[in-house]
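I opened the notebook to look up how one helix sits in the fold, what the interior is built from, and how far the model can be trusted.

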Amino acid sequence: MTHTTAEKTPLTLLGLGAMGTALARAWLAAGHPLTVWNRTPARAAALAAQGARVADTAAEAVAANPLVVVCLLDDTSVEEVLAGTDLTGRDVVNLTTGTPAQARARAGWARERGARYLDGGIMAVPPMIGVPEAGGYVFYSGSRELIEWHRETLSVPAGTTYVGEDAGFAALHDVALLSAMYGMFAGAAHAFALIRKEDIDPLAFAPLLADWLAAMAPAVHETAARLRSGDYTEGVVSGLAMQVAGTPTFLNTAEQQGVSPELLAPYFRLMRRRLAEGSGEEDLTGVVDLLVR
């Protein structure tokens, strides 16, 4: 199918790292007129060959189109790049990874300069961009009017998931999911370490581990329900007291296998602390409350 640019929303993209370049290619492939800018101009050469207009300065790029997408290194980079630009009447979509507090501050900063603002958290790696079947998506938060106005354009590189008018919510969702991912990776690292010195093929062990993690994943729904209700004991099968009683086996096994317990020990300490303060008939939900200061 041949795309025509006449009916496609034009936009500007600031930042051509790996993710920015992937975004640019997706919009160009879909027929969107695209103006790009990057600190290192050479990175724009391939995109120019694909039809992108290359701006000499960030200010020139911002002036080119009402919709401005920013995908830079960090929030400091966003401040530096946009400092000398006129944002009046612009729709700024910031896909730069940052904290919720930075997103909220940046939203206020944009409003003071006459722009509408959306913050985004990309839940994908560059090879997933522009490939719908890869399942990548972007969390968006901020102006509800803005996401509805530009949803079709923003949906070109990846799916869109709007999580609220609080500009910090996209970054919060992003970091929350990635934090859970790293927790899973930590558990997997410990599991592989336990078998590392044994005559156990990691390739044979991996499907067992993957299936087990997949089977445990639905437990997050039970945790969510208990957090909402405040009742941490209803329907519990494996009580906290029983689980705490079993932790020495895990620590002893690690010691016997010559594996550091440093990935598991902090969580076990929280479990013991919750047991001391709560009820042994709870599940592990109460650990969440211990983490909130």
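Helix α6. I looked up α6 and found that Leu 146, Ile 147, His 150, Thr 153 and Leu 154 are buried, where buried means under 20% relative accessible area, exposed over 50% and partly exposed in between (1.4 Å probe, protein chains only). Seen down the axis of α6, these buried residues fall within an arc of 105°, taken from the directions from the helix axis to the C-beta atoms, so they line one face of the helix. On the other side of α6, I noted Glu 145, Trp 149 and Glu 152 as exposed. Helices (H or I, at least four residues) and strands (E, at least two) are DSSP runs, numbered from the N terminus.

Model. This is a predicted model, in which local features need pLDDT of at least 70 and side-chain atom pairs count only at pLDDT 80 or more, while totals for chains, interfaces and linings use all residues. Residues are numbered from 1 along each chain as its sequence is written, and side-chain values use heavy atoms, leaving out hydrogens and water. The average pLDDT (the predictor's confidence in each residue, from 0 to 100) is 96, and 98% of the residues score at least 70.

Core. The largest nonpolar core, a set of buried Ala, Val, Leu, Ile, Met, Phe, Trp, Tyr and Cys residues joined through side-chain atoms within 4.5 Å, has 31 residues, and Leu 13, Leu 23, Val 93, Leu 95, Leu 118, Ile 129 and Tyr 140 touch the most other members. I saw that α1 gives the largest share of this core, seven residues.
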